[in-house]
Amino acid sequence: MARNLTQQLIEQHLVSGRMQAGEAVNLKIDQTLCQDATGTMVMLEFEALGLAKVKTELSAQYVDHNMIQADFKNADDHLFLQSAARKWGLWFSRPGNGISHAVHMACFGIPGKTLLGSDSHTCAAGSMGMLAMGAGGLQVALAMAGMPFSLTMPEIIGVEVTGTLPPWVSAKDVILEMLRRYDVKGGVNKIFEYYGPGLASLTAMDRHVIANMGQEMGATASVFPADEQVKNFLRQQGREQDYVEMKAEQGAGYDQRDSLDLSKLEPLIACPSSPGKVVTVRSVAGKPIYQSYIGSSANPGLRDFVVPAKMVDGRRIPEQVSLDINPSSRQLLEEISRNGDLNRLLQAGARLHQTGCNGCIGMGQAPASGRISLRTVPRNFPGRSGTPEDQVYLCSPETATASALSGTITDPRDMDMEYPEFHEPETLQDMRPLMQPPRDFSKEVPVEIELIKGPNIQPLPEFEALAETITGPILLKAGNNVSTDEILPAGAEILPLRSNIPAISHYTFSRIDETFYQRATQHAGDSFVIGGENYGQGSSREHAAIAPRYLGVRAVIAVSMARIHRRNLINFGIVPLLFAKPEDLVRLNQGDVLAVNDFPAQLKQGNQIVVQLAGGEILKVTHNMSEEEVSTVIAGGLINQVRKEHLIN
């Protein structure tokens, strides 16, 4: 039977399981990626495993999120990560090199490989024929240790791409169209595989934009073929020897099919405060803006800066608008400096920021209160920008630039100029010489390398196994589409505490209920959290599981859960449960006391769990965990299970 590309990639890395949608599979991981907001915890977890070195083909640690050095915390953690990379054999990318996803694609991406990253947008590397997925840090640490990655075999959605993009429409509009169709939960447990003649006009970096924001649909991954466009990209990076053609076999089938005619697309925009609230730019045009922000892992390509530079050439940004330019990599910054495009942006009044994630993760660049910010970033969850009650819209660089020039949301097709031409340069500067390469264990005289740990780095808390009976109150009742930004926020104040669980736990659920930490510590016992659909969407940050667990949360009951967060809950001993009947959510209220008797036995016996309510009522809930996941959660988390079963020698 002819195989699609996703099936080929999974089959080539299949350690155990069947490639049947819904079944558990274990995959060999070739490469791993960590960034500094999650990497500190990954390195502490890897240290706890007691291994001498990483066992992947390649692992890389980037510093791109926590760039503001307002005090010692971020600077200390950068030194810790550098020492950890040196100790265990990872590439280390220093601050200023750029956003992990763009830099990894340029330096290390190889068609046909698997990549697991402790950042949900790791899926961007699917743009070049890789199977790239985000995961919680603990699973990345285990992959670094040579263990396979366990996941539920997704459905594969084949998207046939035809046509070519019209003027003033770009790759960001393509993924916004997909979000308009699927919303933020339509891709859960699905992989989107793009194929068809329309791909010939989409560069590797165009595909990066689409694959990156596949995560906003909840997708496990997005997969593009490795074709002539990918070969051109690798040639540009001086790595043509890494090219391997990867494509679906003739006549391959898919679990579902969709089609996308590029020629019929128009400029789109996602309204506050969800990437799924997509409308046409024309429908919201005329609203005054405060900020236009260009750059991020969702718009990291050279064209995403050159086209805006040509749009503003000889013009001025109105004084009431901040045009923020966030170069995605040192390579890109060098190129726009060399070719004059940076000067065009600066002369128009743009503000230049350092290469990194910056305002996308709430690390600076917060918009003014009550003002609209247009951003080319992947997410606009409530408060993520750093401004409470923010008004962040997601759009293309063309829309952001046209709007910056006019001072109001503007359809770029209304510009009084021809659409600027852009052609990729044949070569770009290699970034690897400015990285710390991994040590060569085969040649190096063994030497003990000390981990540099500043005072903010605290040991990972120890969590006990699941008790026979769990009794406690519902400490929080949440709604639909609760994001990990709302469970454990990011931002310049909070992210520097990422390696200090007792300190960062103070902010748990603070975006939803500022009293949560106080109530949890006053209770000082087991508790529950309940929620609606798509609980835990967004970032892969495992702190959104560790901090609630540290505060006593032992189970979350929701209508449905996002893939990565669900697994993070399991990894740290929080039981992910689902309402058997979604309407049962209304039966429960914050403060109600729940009890689960014989909890481990019930989990082992099947997927039905009986929960006792106050007054003697019974609530039936379910779980969709595999036997392995049940064992993990009963053990109190993955670290406990690994230690107990001696899976790593």
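## Aromatic pairs

This predicted model holds 7 aromatic pairs. One of them joins W168 and Y419. Their ring centres lie 4.8 Å apart, and the planes meet at 55°, so the pair counts as tilted rather than edge-to-face, which needs over 60. The two partners come from distant parts of the chain, 251 residues apart. W168 sits in the loop between β9 (155-162) and α6 (171-182). Y419 sits in the loop between α13 (397-406) and β20 (435-436). W168 has 6% relative accessibility and counts as buried. Y419 is partly exposed, at 23%.

Y194 and F224 form another pair, and this one is stacked. The centres are 4.6 Å apart, with 5° between the planes. Y194 belongs to strand β10 (residues 190-195). F224 belongs to the loop between β11 (221-223) and α8 (228-236). The pair therefore ties together parts 30 residues apart in sequence. Both Y194 and F224 are buried.

## T508 in its loop

T508 lies in the loop between α15 (501-504) and α16 (516-523). Its relative accessibility is 1%, so T508 counts as buried. What does the side chain of T508 reach at 2.7 Å? The partner is the backbone oxygen of S505.

Beyond residues up to four places away in sequence, T508 touches I487, L488, F516, A547, P548 and L551. One of these contacts, F516, is also among the residues that touch the most other members of the largest nonpolar core.

## The β1-β2 hairpin

Strand β1 (residues 14-17) pairs with strand β2 (residues 24-27). The pairing is antiparallel and runs over 3 bridges. G17 stands opposite V25 in β2.

The two strands form a hairpin, with 6 residues between them. In the turn, G22 has a positive phi of about 100°.

## The largest nonpolar core

Nonpolar side chains tend to be buried together in soluble globular proteins. Here the largest nonpolar core has 104 residues. Which members touch the most others? They are F46, L131, M144, F516 and Y535.

L131 shows what such a position contacts. Leaving out residues up to four places away in sequence, L131 touches L9, I10, L27, K113, T114, L115, I191, A221 and V223. Several of these neighbours fall in strands already described. L27 is in the range of β2 (residues 24-27), I191 in that of β10 (residues 190-195), and A221 and V223 in that of β11 (221-223).

Technical notes
Residues numbered from 1 in each chain as written. Predicted model: local features only at pLDDT ≥ 70, side-chain atom pairs only at ≥ 80, totals over all residues. Heavy atoms only, no water. Phe/Tyr/Trp six-rings, centres within 6.5 Å; stacked < 30°, edge-to-face > 60°. Helix = DSSP H or I, 4+ residues; strand = E, 2+ residues; numbered from the N terminus. Buried < 20%, exposed > 50% of the residue type's maximum accessible area, 1.4 Å probe, protein only. Polar contact = N/O pair within 3.5 Å; in protein donor to acceptor, adjacent residues only side chain to side chain. Contact = heavy atoms within 4.5 Å. Pairing = 2+ DSSP bridges. Core = buried A, V, L, I, M, F, W, Y, C linked by side-chain atoms within 4.5 Å.
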